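Okay, thanks for coming, everyone. I'll put the structure up and then walk through it piece by piece.

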Amino acid sequence: MAKKPTKTTISTREQLEGVFGEYCSILIEYNKQQLSLEEQITELRTKYEAPLTELKRQVDELYNDMMAWASLNLGEFGDKKRLDLIHGSIGFRSGTPAVKQLTGVKVEYTLGLVQTDPDLQIYTREKVELDKERILGDFQGGKLTVEDLRKVGLRIERQESFYVSPAKEGGGE
């Protein structure tokens, strides 16, 4: 069951009907405003899409040209990976080191070699985790009981949430 609130301004079912009507009216206005906003956003996107695409193309082209120049003129950088210019700086950043497969070598091949070498086995790991889907299935099928789960520190929990479903135009559901 949903968490029970401690206060309400509604004391009768008649008041509930009135509040629900007000809720539906406000929700309709909200949806109209939301639709209007989305339409205006779509118009703005359409208006600016072509010029922004062109500017992005130009920026990418100039960026690639500067990167090519930097790659061909590493001597200009001296001992640094950065070159200060009038309008800012360009340079090369070192990324985080990462372990990658050699070209043409499959992961299965590497794993096989590492797992069979006693000195390299420390570089493998096995992830062990609960099979929650199977636990749920066995509980629902009667193979596991509440007590079985409690013994190993588990419980089955189901969330319940409150909902409001306004009737569609033209009457109830």
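So, to start us off: how do the residues of the lining of the largest pocket divide into nonpolar, polar and charged? Before I answer, please keep in mind that what you see is a predicted model.

Right, the answer. The lining has six nonpolar residues, two polar ones and three charged ones. The pocket itself comes out at about 350 Å³, and it is the largest pocket in the model. Let me read you the lining: Tyr-63, Met-66, Met-67 and Ala-70, then Lys-81 and Arg-82, then Ser-89, Ile-90, Gly-91, Phe-92 and Arg-93. Which element gives the most to that lining? That's H1, with four residues. Both H1 and S2 put in at least two residues each.

Now, the strands. S1 covers residues 82–85 and S2 covers residues 88–91, and the two pair antiparallel, with four bridges between them. The connection is a hairpin, and two residues make the link from S1 to S2. If you want one bridge to look at on screen, take Leu-83, whose partner in S2 is Ile-90. And Ile-90 is a residue we've already met, as one of those lining the largest pocket.

A quick reminder while we're looking at strands: in a regular strand, side chains alternate between the two faces of the sheet.

Next topic, aromatics. How many aromatic pairs are there by the ring-centre rule? The count is two. In one of them, the ring centres of Phe-20 and Tyr-23 are 6.0 Å apart with the planes at 35 degrees, so we call that pair tilted. Where do Phe-20 and Tyr-23 lie? Both are in helix H1, residues 13–72, and they sit three residues apart, which is about one turn of the helix. As for accessibility, Phe-20 is partly exposed at 31%, and Tyr-23 is also partly exposed, at 38%.

The other pair is Phe-77 with Phe-92: their centres are 5.6 Å apart and the planes are at 55 degrees, so this one is tilted as well. This pair links distant parts of the chain, with Phe-77 in the loop between H1 and S1, Phe-92 in the loop between S2 and helix H2 (107–116), and 15 residues from one to the other. So, buried or exposed: which is it for Phe-77? Phe-77 is buried, because its relative accessible area is 5% and the cut-off for buried is under 20%. Phe-92, on the other hand, is partly exposed at 33%. And Phe-92 is another one from the pocket lining.

Okay, let's go along the chain and pick out a few single residues. Glu-43 is in helix H1, and it counts as exposed, with a relative accessible area of 57%. From Glu-43 to Gly-21 you go 22 residues in sequence and 33 Å in space, C-alpha to C-alpha.

Then there's Pro-118, in the loop between H2 and H3. Pro-118 is exposed, at 61% relative accessibility. Its C-alpha is 40 Å from that of Arg-150, with the two positions 32 residues apart in sequence terms.

Moving on to Asp-138, which is in helix H3, residues 132–140. Asp-138 has a relative accessible area of 21%, so it counts as partly exposed. The cut-off for buried is under 20%, which is why 21% doesn't make it into that class. What is Asp-138 in contact with, leaving aside neighbours within four places in sequence? Lys-143 and Leu-144. Compare that with Leu-120: 18 residues away from Asp-138 in sequence, and 39 Å away in space, again C-alpha to C-alpha.

Last stop is Gly-153, in the segment after helix H4 (146–151). Gly-153 is exposed, with 63% relative accessibility. Gly-153 and Pro-166 are 13 residues apart along the chain, and their C-alpha atoms are separated by 41 Å.

That's my tour. Happy to go back to any view you'd like.

Terms used. Residues are numbered from 1 along each chain as its sequence is written. This is a predicted model: local features need pLDDT of at least 70, side-chain atom pairs count only at pLDDT 80 or more; totals for chains, interfaces and linings use all residues. Side-chain values use heavy atoms; hydrogens and water are left out. Buried means under 20% relative accessible area, exposed over 50%, partly exposed in between (1.4 Å probe, protein chains only). Contact means heavy atoms within 4.5 Å. Two strands pair if DSSP finds at least two bridges between them. Rings of Phe, Tyr and Trp (its six-membered ring) pair if their centres lie within 6.5 Å; planes under 30 degrees apart count as stacked, over 60 as edge-to-face and the rest as tilted. On a 1 Å grid over the protein atoms alone, a cavity is a set of points where a 1.4 Å probe fits but cannot get out, and a pocket is an open set with protein on both sides within 12 Å along at least five of seven lines; lining residues have an atom within 4 Å of a point. Grid points are joined across faces, edges and corners, and a volume is the space filled by probe spheres set on the points. Ala, Val, Leu, Ile, Met, Phe, Trp, Tyr, Cys and Pro count as nonpolar, Asp, Glu, Lys and Arg as charged, and the others, Gly among them, as polar.
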